[in-house]
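Q: I have this one open on my screen. Can you walk me through it?

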Amino acid sequence: MTAPLDLSPRAPSASALGPVARAGGRDARRLKVSFEFSPPKTPEAEENLWLAIRRLEPLAPEFVSVTYGAGGSTRERTHRTVLRMLKETSLAPAAHLTCVDASRAEVDSVIKDYWDAGIRHIVALRGDPPGQIGGAYMPRADGYANATELARAIARIADFEVSVGLYPQVHPESASAAHDIDVLKAKIDAGATRAITQFFFDIDGFLRFIDQVRKAGVTIPISAGIMPVTNFKGLRRMAAPCRIALPDWLGNLFEGLDKDPETRRLIAGSVAAEMCARLEEEGFDDFHFYTLNRADLVYAICRVLGVREETAS
Ligand SMILES: Cc1cc2nc3c(=O)[nH]c(=O)nc-3n(C[C@H](O)[C@H](O)[C@H](O)COP(=O)(O)OP(=O)(O)OC[C@H]3O[C@@H](n4cnc5c(N)ncnc54)[C@H](O)[C@@H]3O)c2cc1C
């Protein structure tokens, strides 16, 4: 005789739940988050950007950063955006800066202007040739050749926090992860105080890479770059020159949804939340969100991670 089925209500066992639900079951956590924005091109884009900033501000990120367009094309807009953040919000803004198409003197003068204006954090990058990610980079004879030289210049000029890029799937111009780790160490010797990773989708590969970086003696904070993907075709165009592998499962989730942005957004939030929650379970506690100037998905993912506005009790 078979035993009667037990149909009484009960909580599902924790192991039956996925990483997001398990995240909701954890107590007191304080993960670190930061948000990346791009400088707006139009008044309407500016309004949307500021709605996003205001929505995310109460989450008290470690810092927020503003990108620098290829070839310094957004120099004025990047400058204006970080200064407005500094003046009108409680946020700690970081300005991205690249070496592209500028002399050392020009770059130094931008760095000094930032310091004088009260900016204390620069994301130091080499940049890519304009309109040609992955193309051969030709440094100007009178310019900084790479992010190591730029980080050194920033540290020489003032006591900035200096973040630099890190590539869990190997930089497209690099021969190996070991070379990338050597470059990171050179950037740290030059003055880098934090690394922010390129976005990625291979969590196990990311964790193995971070393990290698730590084993090589790197102790500075590393923020995992998280891209909530809503447009898979756009992502494919962006990822190919950067040699970022896109897993089949991700493409499958978005298949047939070209004309259904609402469902794509739901899937994007769910994938990114699951990635973050899984990374947290593996002990990772520092996330940098590529917001694409929108707050809704990032806000939801932060809630999953237990990052919430302080409420008066
Ligand atoms: C978090 C993040 C934010 C970004 N934001 C922007 C942005 O706002 N604007 C933009 O245009 N691009 C941005 N990028 C893209 C970035 O500019 C490109 O990935 C670019 O190809 C490399 O920049 P990098 O600073 O990592 O280069 P580097 O670290 O300078 O590396 C470039 C090449 O130089 C070599 N190299 C560097 N230092 C040394 C050294 N000491 N010894 C030997 N070789 C060395 C490396 O091996 C590599 O092949 C961003 C990337 C990341 C990860």
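Q: Start with the ligand. Which element gives the largest share of the shell around the ligand?
A: Helix α6 does, with three residues. Helices here are DSSP runs of H or I with at least four residues, strands are E runs with at least two, and both are numbered from the N terminus. The model is predicted: local features need pLDDT of at least 70, side-chain atom pairs count only at pLDDT 80 or more, and totals for chains, interfaces and linings use all residues. Residues are numbered from 1 along each chain as its sequence is written.

Q: Which residues come nearest to the ligand?
A: T67, R126, N146, A147 and G165, out of 23 residues around the ligand. The elements giving two or more residues to that shell are α5 (147-157) and α6 (177-190). A residue is near a molecule or strand if its C-beta atom, placed from the backbone, lies within 6 Å of it.

Q: How do the shell residues divide into nonpolar, polar and charged?
A: Eight are nonpolar, 12 polar and three charged. Ala, Val, Leu, Ile, Met, Phe, Trp, Tyr, Cys and Pro count as nonpolar; Asp, Glu, Lys and Arg as charged; the others, Gly among them, as polar.

Q: New topic, strands. Why is β3 largely enclosed?
A: Five of the five residues of β3 (residues 93-97) are buried, so the rest of the structure largely encloses this strand. Buried means 20 or more other C-beta atoms within 10 Å of the residue's own; exposed means 12 or fewer, and partly exposed is in between, with C-beta atoms placed from the backbone.

Q: Which way do the β3 residues point?
A: P93, A95 and L97 point one way, and A94 and H96 point the other way.

Q: And which strands pair with β3?
A: Three bridges join β2 (residues 63-66) to β3, and the two run parallel. Three bridges also join β3 to β4 (residues 121-124), again parallel. Two strands pair if DSSP finds at least two bridges between them.

Q: What are the partners of A95?
A: V66 has A95 as its bridge partner in β3. In β4, the bridge partner of A95 is I122. H96 stands opposite V123 in β4.

Q: What do β3, α4 and β4 make?
A: A right-handed β-α-β unit, with α4 covering residues 104-117. Right-handed means that, with the strands pointing away from the viewer, the path from the first strand over the helix to the second runs clockwise.

Q: Stay on β4. Are its faces covered or open?
A: Both are covered: H121 and V123 are buried on one side, I122 and A124 on the other. Four bridges join β4 to β5 (residues 161-166), running parallel. The partner of H121 in β5 is E161.

Q: Which residues touch the most other members of the largest nonpolar core?
A: I122, A124, L150, I226 and C276, in a core of 83 residues. Helix α10 (residues 261-281) gives the most to this core, eight residues. A nonpolar core is a set of buried Ala, Val, Leu, Ile, Met, Phe, Trp, Tyr and Cys residues joined through C-beta atoms within 7 Å.

Q: What is C276 in contact with?
A: I226, F287, I301, V304 and L305, leaving aside neighbours within four places in sequence. Two residues are in contact if their C-beta atoms, placed from the backbone, lie within 7 Å.

Q: How many residues of β8 are buried?
A: Four of its five, so read this strand (residues 286-290) as mostly covered, given that buried means 20 or more C-beta neighbours. Five bridges join β1 (residues 32-37) to β8, and three join β7 (residues 222-226) to β8; both pairs run parallel. F35 stands opposite F289, and F289 is also the bridge partner of I226.

Q: Last two. Is A145 buried or partly exposed?
A: Partly exposed, because A145 has 14 other C-beta atoms within 10 Å. A145 is in the loop between β4 and α5. Beyond four places in sequence, A145 touches C99 and P139.

Q: And T197, buried or exposed?
A: Buried, because T197 has 22 C-beta neighbours inside 10 Å. T197 lies in β6 (residues 194-197). T197 and Q169 are 28 residues apart in sequence and 9.6 Å apart in space, C-alpha to C-alpha.
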